[in-house]
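Me: Could you pick one part of this chain and take me through it closely? I'd like one connected account that starts there and then shows what lies around it.

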Amino acid sequence: MEGLPSPPAPLEWADSSSSALRGHKQNMRILQGCWDMFHRLDTDKDGLISCEDLHKGLLEFSEDFSPEESMRIFAAADTSGNHVLGFAEFFNVYACLVALREQFKVAHVGQLQAEQVKRGLLQAGLPANRDQVESMFV
């Protein structure tokens, strides 16, 4: 059409070394990792994760997760209240764990504190509800 500029050539607008593009690639890796884990944990292939399935997944992140801790995390993540996690609810847990793992790499601390969880949630762009965070530390 006349008068309209032609579209830019692919990636003409973004240098592959730009921080925005690196951030996008990192987010895509996190999303792909979450998708892969979700399907691996969804043993009955119904598109939902049970508390037991979540516990198995949490043990992949750290052998230190007790069944009780997994139940508390599950309860906080089950925002729909239907006693199973859909992908979006599971993604919130996964993204938090990834953010916390990265924070641990930087902080070199041995024990997780509620404030670190809250900071990790905020860095991951997720809601950091104080009650939900503190419920993980009961």
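Reply: **The loop at K45**

K45 is exposed because its relative accessibility is 55%; here exposed means over 50% relative accessible area, buried under 20% and partly exposed in between, using a 1.4 Å probe and protein chains only. Before going on, please keep in mind that this is a predicted model, in which local features need pLDDT of at least 70 and side-chain atom pairs count only at pLDDT 80 or more, while totals for chains, interfaces and linings use all residues. Residues are numbered from 1 along each chain as its sequence is written, and side-chain values use heavy atoms, leaving out hydrogens and water.

You will find K45 in the loop between α1 (19-41) and α2, where helices are DSSP runs of H or I with at least four residues, strands are E runs of at least two, and both are numbered from the N terminus. The backbone deserves a look: K45 is not a glycine, yet its phi is positive, at about 55°. Most residues other than glycine have a negative phi. A companion case is H83, also not a glycine, with a positive phi near 65°. H83 sits in the loop between α3 (67-77) and α4, and its relative accessible area of 63% makes this residue exposed.

Back in the first loop, D42 lies between α1 and α2 as well, but at 2% relative accessibility D42 counts as buried. D42 and L54 are 12 residues apart in sequence, with their C-alpha atoms 9.1 Å apart in space. Next to D42 in the numbering is L41, which belongs to helix α1. L41 is buried too, at 5% relative accessibility. From L41 to E52 the separation is 11 residues in sequence and 9.4 Å in space, C-alpha to C-alpha.

L54 also leads us to the interior, as one of the residues that line the largest cavity, together with M37, G57, L58, F61, F90, V93, Y94 and L97. A cavity here is a set of points on a 1 Å grid over the protein atoms alone where a 1.4 Å probe fits but cannot get out, and lining residues have an atom within 4 Å of a point. Two or more of the lining residues come from each of α2 (51-61) and α4 (87-107). The volume of this cavity is about 30 Å³, counted as the space filled by probe spheres set on the points, which are joined across faces, edges and corners. A search of the whole structure finds 1 cavity of 30 Å³ or more. Its lining has 8 nonpolar residues, 1 polar and no charged ones; Ala, Val, Leu, Ile, Met, Phe, Trp, Tyr, Cys and Pro count as nonpolar, Asp, Glu, Lys and Arg as charged, and the others, Gly among them, as polar.

F90 and Y94 of that lining turn up again in a cluster linked by ring pairs, along with W35, F38, F87 and F91. The count of aromatic pairs comes to 5, where rings of Phe, Tyr and Trp (its six-membered ring) pair if their centres lie within 6.5 Å, with planes under 30 degrees apart stacked, over 60 edge-to-face and the rest tilted. F87 and F91 make a tilted pair, at 6.4 Å centre to centre and 35° between the planes. Both residues lie in helix α4, 4 residues apart, about one turn of the helix. F87 is partly exposed at 23% relative accessibility, and F91 likewise counts as partly exposed at 22%.

Helix α4 brings us to α3 by way of A77 and E89, which are 12 residues apart in sequence and 5.7 Å apart in space, C-alpha to C-alpha. A77 lies in α3 and is buried, with a relative accessible area of 9%. The buried residues of α3 are S70, I73, F74, A76 and A77. Viewed down the helix axis, they fall within an arc of 165°, so they line one face of α3; the arc is taken from the directions from the helix axis to the C-beta atoms.

Stepping back, the protein chain has 6 helices and 0 strands, and 30% of its 138 residues count as buried. Among the cysteines, C34 is buried with a relative accessible area of 0%, and C96 is buried at 14%. The disulfide count is 0, with a disulfide taken as a pair of cysteine sulfur atoms within 2.5 Å.

Conventions
On a 1 Å grid over the protein atoms alone, a cavity is a set of points where a 1.4 Å probe fits but cannot get out, and a pocket is an open set with protein on both sides within 12 Å along at least five of seven lines; lining residues have an atom within 4 Å of a point.
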